[in-house]
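Reader: Hey, got a minute to walk me through this one? I'd like to start with the strands and then poke at a few residues.

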Amino acid sequence: MYWTDWGKNPMIGRSGMDGSLPQPFVTQNIYWPNGVHVDYLGKRIYWVDAKMQLIESINLDATDRRASV
């Protein structure tokens with residue numbers, strides 16, 4: 001399971017579907033993350049950063065982060 005969190009320490013987090021093992025997934029250069037989408041076939045996560053007005057994505061293994069304007 002993936003979620004976004006705004007506030008003092010904005011991030012995209014992840015955990016098991018039962019909520020076990022919660023951990024930060026994306027924490028660098030992220031401000032107002034919204035609208036998370038998991039593309040299981042493409043093995044990427046997409047989100048919108050409302051403050052930066054970007055659509056970003058990253059591989060499920062946390063590599064190859066990309067931004068689109």
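**Strands and a few residues**

Author: Sure. Strands β2 and β3 (residues 23-26) pair in the antiparallel sense over 3 bridges. Strands here are DSSP runs of E of at least two residues, numbered from the N terminus, and two strands count as paired if DSSP finds at least two bridges between them.

Reader: Before we go on, what kind of model is this?

Author: This is a predicted model, where local features need pLDDT of at least 70, side-chain atom pairs count only at pLDDT 80 or more, and totals for chains, interfaces and linings use all residues. Residues are numbered from 1 along each chain as its sequence is written, and side-chain values use heavy atoms, with hydrogens and water left out.

Reader: Ok. How many bridges join β1 to β2?

Author: 4 bridges, with β1 (residues 2-5) and β2 (residues 11-14) running antiparallel. Their hairpin has 5 residues between the strands, and G7 there takes a positive phi near 115 degrees.

Reader: What does I12 in β2 face on each side?

Author: In β1, T4 stands opposite I12. In β3, the bridge partner of I12 is V26.

Reader: Is I12 buried or exposed?

Author: I12 counts as buried because its relative accessibility is 0%; the cut-offs are under 20% relative accessible area for buried, over 50% for exposed and partly exposed in between, with a 1.4 Å probe and protein chains only.

Reader: And which residues does I12 touch?

Author: Leaving out residues up to four places away in sequence, I12 touches W3, T4, P24, F25, V26, I30, P33 and W47. Contact means heavy atoms within 4.5 Å.

Reader: Switching topic: why does N59 count as buried?

Author: Because its relative accessible area is 18%. N59 lies in strand β6 (residues 54-59).

Reader: Which side chain joins N59 in a polar contact?

Author: R44, at 2.6 Å between the side chains. A polar contact is a pair of N or O atoms within 3.5 Å; within protein, one must be able to donate a hydrogen and the other to accept it, and residues adjacent in sequence count only if both atoms are side-chain atoms.

Reader: What else does N59 touch?

Author: With residues up to four places away in sequence not counted, F25, K43 and D64 are among the residues that N59 touches.

Reader: Last one: where does M52 lie?

Author: M52 lies in the loop between β5 (44-49) and β6. M52 is partly exposed, because its relative accessible area is 41%.
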